[in-house]
Each structure stands twice: as structure tokens, then as C-alpha cells.
Amino acid sequence: MATVLALSGSPSRTSRTALLAEHTAADLRARGHRTHVLALRDLPAAPLLTADTHDASLARAVSLVAEADALVVATPIYKDAYSGLLKTFLDLLPQHAFAGKPVLPLATGGSPAHILALDYSLRPVLTALGAQVTQGRFVLDRHITTSPDGAMILDHDDERQLAQVTDQFARALPSRTHLNAA
């Protein structure tokens, strides 16, 4: 099975975007894939802002991207664009960091007016990095809640549609046989 890295581009500790990334990673893990969630907010700010890839934390994050067979890229949408935190991280990656890798874009936002940000803001940068971008999903913040134990609760329609895009993404993942042959 594939190794999937889920990037959470939210700067918030109580992030619905992070919940969505973790939920999707858990779904892929249940399908037998190896997953890792990287919360970009946990990277050290000064080295990230100065693109100091010699910093051990940043070097490890870049290495996780290189080692992944595929990625889930989750971001909140602010002013019709993906987060500055995600942009800062993507800017320090090599030009073809996602070359040939399936990438599932996920976004959260407060208004349906931001739905086009997936296609007009995020998809172009992922494509520029060489990604094979699959159909993504935008989820309204108000459709994501948590249970008392902290588990994510997603609006029924969003849950169904997220399952559909996750299924499509899972079908795009390289199989273990394919990976061993390479």
C-alpha cells in the first residue's frame, strides 16, 4: 500500500481543517495505507519564514514530502486563497516536489463563496509542483463539529461527498506491487 502524507495548513490549534486532514488520513489508514499527518503550525516559525531547510524540523518535513507516495493537502481558505502558512511551506519545497504524486486537495471556509479557491488558488500551485491533482473537496466550517470526546462530526452530505473524493484518490494511489517494481 501507499504512504500518504497529509499536510494541515491551518495555523490554528483548534482547527477544523486539521480535523478534516486527520479524518481523511484515518480513512486511508483503514484502507491499509500508511499515513502521517504533518501540522505545519508545529514547524518552527523563524526557520520556516527564512526558508532555512538546514533546520532539522524543516529538513524532516521536506523529507516526509519526498518519501510520500501521495499527499492530502488541507487548508483553510482566507480571502479566497489557501493559508499563508501552507504557501510558506510549499515555497520552500523543490520545484518538482510533488512530481507524479497523486494529491487530494481539501479546504475549509466560512462561506460558499470560497468554494472556487480550490480550483483557482490551490490547484495551480499543486500542479506547478508536479502533482497529479485529484478532485478535491471544500467543506463549510459550520458543517464540521466535534463530539464531547473530540471526534470529528461531519454534515451527512459532506461526509458522503468526502468519502467519494477519498475513494477516487485511493484508486489513484500506487499499489505496493507497483512500488516494489519501481
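Is D158 buried or exposed? At 4% relative accessibility, D158 counts as buried. Keep in mind for every view here that this is a predicted model.

**View 1. D158 pairs up with R137.** The closest N and O atoms of this salt bridge sit 2.5 Å apart. It ties together distant parts of the chain, with D158 in helix α6 and R137 in strand β7 (residues 137-140), 21 residues apart. R137 has a relative accessible area of 17%, so it is buried too, given that buried means under 20%.

**View 2. R31 shares salt bridges with D27 and D167.** Here the shared partners join D27, R31 and D167 into one network. On one side, D27 meets R31 with the closest N and O atoms 2.8 Å apart. On the other, D167 and R31 come to 2.5 Å, again counting the closest N and O atoms. That second pair bridges distant parts of the chain: D167 belongs to helix α6 (residues 156-172), while R31 is in the loop between α1 (16-30) and β2 (34-39), 136 residues away. As for accessibility, D27 is partly exposed at 24%, R31 is partly exposed at 31%, and D167 is partly exposed at 29%. If you go looking for more of these pairs, the whole structure has 8 salt bridges.

**View 3. T145 sits in strand β8.** This strand covers residues 144-146. T145 has 41% relative accessibility, so it counts as partly exposed. Leaving aside residues up to four places away in sequence, T145 touches A151, M152 and I153. You can also pick out D155, 10 residues from T145 in sequence and 8.4 Å from it in space, C-alpha to C-alpha.

Note on methods:
Residues are numbered from 1 along each chain as its sequence is written. This is a predicted model: local features need pLDDT of at least 70, side-chain atom pairs count only at pLDDT 80 or more; totals for chains, interfaces and linings use all residues. Side-chain values use heavy atoms; hydrogens and water are left out. Helices (H or I, at least four residues) and strands (E, at least two) are DSSP runs, numbered from the N terminus. Buried means under 20% relative accessible area, exposed over 50%, partly exposed in between (1.4 Å probe, protein chains only). Contact means heavy atoms within 4.5 Å. A salt bridge is a side-chain nitrogen of Lys or Arg within 4 Å of a carboxyl oxygen of Asp or Glu.
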